[in-house]
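Take a walk through this protein, one region at a time. Keep the 3D view open and turn it as you read.

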Amino acid sequence: MHLAFTHQPIDSKTSYRVASVATWENRLFVGTNNGLVYPFRYSNSKDSFIMATSGRTQFPNSRAVTRLAAVREWGVLLALVGPSVYYCDVTNIGGLKVEVPNSRGCTLFNWAADEGKLFVAMKKKLCIYEWKGMEQGFELQSTNVHNLPDTARMLQWCGAHRLIIGFKQEYVLA
């Protein structure tokens, strides 16, 4: 019989409640309910995840990290912390953490790395940010704020300049 998965605890020495996870190369980022992100790296010699030497990191407010996403093409870790989206360098999450401008009230986000776009849903609005690089961050043009008929419950980039937006009763291809 083929064994596809094995159960293996990440680290039993830390006490936290997991709210979100993201991976990047051989790293695992674990977001918690108290606003901390724990970085782990996979060790081939021990066949397990070990907490990275940089240790845990705290975002500016102590709210839950409900979503994490590592965007390889940009080299950033995106985090939905409470009602705001933050980003930081994925190789140095203990460093500077920057809030995406005007993202307060965010309920979910998604991205199109090849297009350099970040989609942020806030109540009945969709904001489209442009990635300008690590030093300049994200930029929001006034023409990139769109009203939605209802609160978005799902965002999914599907390429070819198309975004699927899920509402309570329907899905829209925008």
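Begin at a loop. Lys 123 sits in the loop that joins strand 11 and strand 12. Its phi is positive, about 50°, although Lys 123 is not a glycine. Is Lys 123 buried or exposed? Its relative accessible area is 64%. The cut-off for exposed is over 50%, so Lys 123 counts as exposed.

A second loop residue invites the same check. Asn 102 is found between strand 9 and strand 10. Its phi is near 55°, again a positive value in a residue other than glycine. With 62% relative accessibility, Asn 102 counts as exposed.

Now step back to the whole chain. Keep in mind that this is a predicted model. The protein has 174 residues, and 43% of them count as buried. Its secondary structure comes to 16 strands and 0 helices. Take the contacts with a separation of 6 or more: residues 24 or more positions apart account for 36% of them. The accessible surface comes to about 10,200 Å². Carbon and sulfur atoms hold 48% of that surface.

Next, follow the chain through strands 1, 2 and 3. Strand 1 covers residues 18-24 and pairs with strand 2 in the antiparallel sense, over 6 bridges. Within this pair, Thr 23 stands opposite Leu 28 of strand 2. The two strands form a hairpin with 2 residues between them. Glu 25 lies in that turn and has a positive phi of about 50°.

Strand 2 then pairs with strand 3, residues 36-43. This pairing is antiparallel too, over 5 bridges. Here Gly 31 stands opposite Val 37 in strand 3. The hairpin of strand 2 and strand 3 has 3 residues between the strands. In it, Gly 35 takes a positive phi near 85°. How many of the 6 residues of strand 2 are buried? The count is 5, so the strand (residues 27-32) is mostly covered, buried being under 20% relative accessible area.

Move on to the open sheet. It has 4 strands, in the order 6-7-8-9, with antiparallel pairing. Which strands stand at its edges? They are strand 6 and strand 9 (98-99). Each has a single partner strand, so one side of each is left without a neighbour in the sheet. At the strand 9 end, strand 8 and strand 9 pair in the antiparallel sense over 2 bridges. Tyr 87 has Val 98 of strand 9 as its bridge partner.

Then look at the interior. In soluble globular proteins, nonpolar side chains tend to be buried together. The largest nonpolar core of this model has 19 residues. Leu 78, Phe 109, Leu 118, Tyr 129 and Phe 138 touch the most other members. Several strands each supply at least two residues of this core: strand 6 (65-71), strand 7 (76-81), strand 8 (84-89), strand 11 (117-122) and strand 12 (125-131). Another core lies apart from it and has 15 residues. Among its members are Ala 22, Trp 24, Phe 59 and Val 81.

Zoom in on Tyr 129. Setting aside residues up to four places away in sequence, its contacts include Leu 118, Val 120, Met 122, Phe 138 and Leu 140. Polar residues are on its list as well, among them Asn 102, Ser 103, Lys 117 and Glu 139. Asn 102 is the loop residue with the positive phi from earlier.

Asn 110 offers a contrast with that exposed loop residue. Asn 110 belongs to strand 10, residues 108-112. At 6% relative accessibility, Asn 110 counts as buried. What does the polar part of its side chain meet? A polar atom there lies 2.8 Å from the backbone oxygen of Leu 155. Beyond its neighbours within four places in sequence, Asn 110 is in contact with Arg 67, Leu 118, Phe 119, Leu 155, Gln 156 and Trp 157. Leu 118 also appears among the core residues that touch the most other members.

Finish with charge. The structure holds 1 salt bridge. It joins the side chains of Glu 130 and Lys 132, at 3.6 Å from N to O. Glu 130 is partly exposed, with a relative accessible area of 24%. Lys 132 counts as partly exposed as well, at 36%.

Terms used. Residues are numbered from 1 along each chain as its sequence is written. This is a predicted model: local features need pLDDT of at least 70, side-chain atom pairs count only at pLDDT 80 or more; totals for chains, interfaces and linings use all residues. Side-chain values use heavy atoms; hydrogens and water are left out. A nonpolar core is a set of buried Ala, Val, Leu, Ile, Met, Phe, Trp, Tyr and Cys residues joined through side-chain atoms within 4.5 Å. Buried means under 20% relative accessible area, exposed over 50%, partly exposed in between (1.4 Å probe, protein chains only). Contact means heavy atoms within 4.5 Å. Two strands pair if DSSP finds at least two bridges between them. A polar contact is a pair of N or O atoms within 3.5 Å; within protein, one must be able to donate a hydrogen and the other to accept it, and residues adjacent in sequence count only if both atoms are side-chain atoms. Accessible areas come from the Shrake-Rupley method with a 1.4 Å probe; for residues, only the protein chains shown count as cover. A salt bridge is a side-chain nitrogen of Lys or Arg within 4 Å of a carboxyl oxygen of Asp or Glu.
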